[in-house]
Amino acid sequence: MADAEIIPIGTRGRPGRGTGTQPSSAARSLAPRSTPSKTAATPSGQPRPAAKAAPQPKPKPKQKPAAKAAPAPPVVEPSRAPTTTDVPTADGIPAADWLAAIQGAAAEVFGQDWEPQLARFLAFLRRRVAGSYRIDEYGFDQEITERFLMAALRPIAQKWFRIEVRGIENIPLDGGALVVSNHSGTIPVDGLMTMVSIHDEIGRFLRPLGADLVFKMPFVGSMARRSGATLACTEDAERMLSGGELVGVWPEGFKGIGKPYAERYKLQRFGRGGFVSAAVRTGVPIIPLSVVGAEEIYPLVGNVPSLARLLGVPYIPITPFFPLLGPLGLVPLPSKWLLEFGEPIRTDEFDAGAADDPMLVFNVTDQVRETIQQTLYSLLMKRQSVFR
Amino acid sequence: MASAGRVVLVTGVSRDLGRKFARAAAADPDVSRVIGVDAVPPRGDMGDVSFVRADIRNPVIAKVIVKEDVDTVVHMSVISTPGSAGGRNTMKELNVIGTMQLLAACQKAPGLRALIVKSTTTVYGASSRDPAMFTEDMEPRRSARSGYAKDVAEVEGYVRGFARRRPDVRVAMLRAANVIGPGVTSPLTSYFRLPVIPTVLGHDARLQFLHERDLLDVLRHATHTDVSGTFNVAGDGLLMLSQAVRRLQRPSIGLPSFAVGNVGSVLRSARMADFSPEQTAFLTYGRGVDTTRMRTHLGFEPSYSTAEAFADFAAPLAATGGRTDRVLARLAERLPDPDAVPAVEGVDHG
C-alpha cells in the first residue's frame, strides 16, 4: 500500500468546471490540438464579450435568431465548450453502440435480470393489445387496476398526501364488508385514495359504488368500471356484498364533495340509508371510515349553479386556484391525510325482516354517521395542522 | 311430457336460426312432426320440416294449429331489424301483430301444451343507470319508446297475458343475449364485420354473447323439459367492447357520441351495418344479465362462454389491424425467454 500511486482527484484547488473564466485542467487536456490554432486570434478574448459580439451585428432579424446564430459558435468554441468538440457527429452512432445503449437502459430500468423482466412486460403489453385479459361481471379489470391505476396513485397517496392509515385491522381479510366513508374534496379523490390505501395495506380491492353521473360521463365512466366501481343501486350493492367483495360507499354523495369549504368536516345527510339495508340483507359488517385531509385539497369557495344546470352536473367548483390558474389550479393542495377505520358494526345478528324495518335502518344509519362524525372531530384534534 | 306424437310448430323459419332450429327439432326422435311457418319460403334446406306458407299476421295460423293438432309452439319470428321485410312499420307489424295473432290462435287451440318464445335481453335496454347484471325480475330503467326493444316489450306483455289466460299451457320465455356465431347475420355481427369498427368515444360497453348452437340447444331443451317461466340465456362471463375489438384484431375509431348517429345512418344507407338508437345505446353502456335461473331452474348449461362464442365468431374473419401485436410478438421472440411467459393465443379467459 505504501508504494501505491496516488491519483489526484479534482482540480487541485484550481478553478474547475463552471466556476471561473478558465476551463479546467481536465477540459484543457481534452481539447483537440487543431482548434486553438484556428481561433488563436482570440486567446485572451473573454467568452462574454465574444458571445455578446456575435448577436450585435444583426439586431434587426429578431424572429430568426437560430438560423443566424449558427455561424457564430465557432468563435466561442475553444473557450466555451471544448469538451463537446470531439463527439463524432458526421458518421452517426454504430449499431453496436445503439444496442449497448438500449441494453444499458433496459438494465437500468428493469435491474440485473432485465431480459425476463422485459419479456414479462412485453407479455403484459401483448395481453393488452390482443385483448386476452379477464374482466369480471362489473367490468373490473384487475390487471390494469393493479399495474396502472394503483401504480399511478401510489406516489400521490404516499408522497403528496402522506396518508396515514389507522385501524386497518377492522377490515376483514376475506368475505363481504361495507366500508362507509365521509365524502369531501370537490373531486372524489378520497375514494381513489381509499382504494389505493386499502390495497396497499391488506391487498384487497375496494369496490366503490358510484353515482349514475359517473357512468354517464365519457372516459370517467369507463375508467370507473375498469377500476372496479359499479352503480350505487340496491341490486348491485347486494350482488357485490353477497359475492364477498369489499364494497365502498359514500352516502353523502354530491352533497358531501360539493359542500363549501366553510362547512368542512360537517357530515351531510346520509341518503335514505340504502347502504344499511343492503348490508343487513346480506349480513355483512359495516366499517365506518373517517377521512381527514380531503376537505382541504380543493377548498370550494364558490359555485356557478346556472352553468352547472346547463351542463347537467351537480356543481361547477370555484376554488382559490381553479379557474384562476387554469389547469395548474387542478393540482390539489398537499394536505396531510388521516384515514381511520372504525370498529365494524355487525349486521348479521338482526332478524330476517330487519332490512325492511325503516326504524332499524334509520337507527343503524345514524349510528354509522355519528361514529364517523365523532372520529372526524377526534382526528382533527390530533392533527397538528392542515399540511403537517 | 314427451309423448310419442309431439307436433311442434316453429314460426320464423325463413330466417337462418328458425330454419336451423326447425331442422334440429325434426331430427329429434321424440318429435313426430315439425311444421315450419313463415310468410316467405325458407332459403335453405328444410330437411324433414313441413313448411306451411302462412303469415302469422292473419288468422290462417289458427287453422294450421288446430288442424295439425300442434302441442308445442316455438315462436321465433320476432325480428330485430327490418332487413328484407321492408320498413320499420312492417317490422313492427310482423313482431307485434304477428305475435298477437299467433297467441290468439294458441288460445283457441285446445291441444296446445307448451309455448316457447325466443325473446331477447334487449328488453332490458341499456343506459348508465343500469345495474351491472339484470335478473329476470328487473325492469328496464327506462322503458323503450321505439324500435326493437319496444316491440319485444310488447310481445312479452302479450305472452304474459296469454300465460294468465291459459294456465294449462306451459309458457317458457327465453331472453337470449346477442346471438353470435360464424353464420349469424344480425346488427351486431355486421357491426363486428366492419373493417374499421366505430366505437363511442370514452365509453366501453360490457357485452355478453350466446353462441348460435347454444341458442338452438336451449330452445330444444326448453321444448323438452317441464319448466315454465322467464329465463335469461347467455354465455358465461363478459367481454368489454374494446377487448372484443382487440380480439378481432381490427382497428377501431372512437367517435363522440353525437357523431355516432350520423355515421350509423351513413353505414345503414350503405347497407353495411344497422345502427338503431338502441344499438348505439347498447354499444355505449352495454348490458349484463344474470344467468343463475337458467342454471338452477331451467337446468341448462351453455357450452360456449361469451369469450369462446366470440372467438368462434372471430375465427373466420380476417384481421385488418393487429400490427402492434405482430411487432410486439417479433420483439418478444428476440428475447431469450427463460421463464414461461403465459402464451397469449392459447389462453382464453372467460
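**Exercise 1. Burial and overall form of chain B**

Work out what share of the residues in chain B is buried, and decide how compact chain B is for its length.

*Solution.* Start with burial: in this predicted model, buried residues account for 46% of the 350 residues in chain B. Next, look at the extent of the chain: the C-alpha trace of chain B spans about 70 × 45 × 40 Å along its principal axes. Then compare radii: chain B has a radius of gyration of 21 Å, close to the 20 Å that the globule rule gives for 350 residues, so chain B is as compact as a globular protein of that length. Finally, turn to what builds the chain: 12 helices and 13 strands. Of the contacts in chain B between residues at least 6 apart in sequence, 81% join residues at least 24 apart.

**Exercise 2. Where the two chains touch**

Find how many residues each chain brings to the contact, and which element of chain B gives the most to its side.

*Solution.* Count each side: chain B supplies 35 residues and chain A supplies 33 residues. Now look for elements of chain B that give two or more residues to its side: these are helix 7 (241-248) and helix 12 (323-334). Helix 12 of chain B gives the most, with six residues. Sorting the chain B side by residue type yields 19 nonpolar, eight polar and eight charged.

**Exercise 3. Two helices of chain A**

Describe how helix 8 and helix 9 of chain A pack.

*Solution.* Locate them first: helix 8 of chain A covers residues 142-160 and helix 9 of chain A covers residues 189-202. Their axes are 9 Å apart, at an angle of about 95 degrees. Angles of 65 to 115 degrees count as roughly perpendicular, so helix 8 of chain A is roughly perpendicular to helix 9 of chain A. Among the residues making the contact are Met150(A) and Leu153(A) from helix 8, and Leu192(A) and Val196(A) from helix 9. By type, the residues of this contact divide into six nonpolar, two polar and two charged.

**Exercise 4. Two residues with positive phi**

Are Arg162(A) and Thr186(A) buried or partly exposed?

*Solution.* Some background: most residues other than glycine have a negative phi. Arg162(A), not a glycine, has a positive phi of about 45 degrees. Arg162(A) sits in the loop between helix 8 and strand 1 (164-166) of chain A. With 15 other C-beta atoms within 10 Å, Arg162(A) is partly exposed. Thr186(A), also not a glycine, has a positive phi of about 65 degrees. The loop between strand 2 (177-181) and helix 9 of chain A holds Thr186(A). Being buried takes 20 or more such atoms; Thr186(A) has 21 other C-beta atoms within 10 Å, so Thr186(A) is buried.

Terms used: Residues are numbered from 1 along each chain as its sequence is written. Chains are lettered from A and ligands numbered from 1 in the order in which they are written. This is a predicted model: local features need pLDDT of at least 70, side-chain atom pairs count only at pLDDT 80 or more; totals for chains, interfaces and linings use all residues. Two residues are in contact if their C-beta atoms, placed from the backbone, lie within 7 Å. Helices (H or I, at least four residues) and strands (E, at least two) are DSSP runs, numbered from the N terminus. Ala, Val, Leu, Ile, Met, Phe, Trp, Tyr, Cys and Pro count as nonpolar, Asp, Glu, Lys and Arg as charged, and the others, Gly among them, as polar. Axes are lines fitted to C-alpha atoms, for helices over the stretch in contact, and angles run from 0 to 180 degrees between N-to-C directions. Angles under 35 degrees count as roughly parallel, over 145 as roughly antiparallel, 65 to 115 as roughly perpendicular and the rest as oblique. A residue is buried if 20 or more other C-beta atoms lie within 10 Å of its own, exposed if 12 or fewer, and partly exposed in between; C-beta atoms are placed from the backbone. The radius of gyration is taken over C-alpha atoms; the globule rule is 2.2 Å times the number of residues to the power 0.38.
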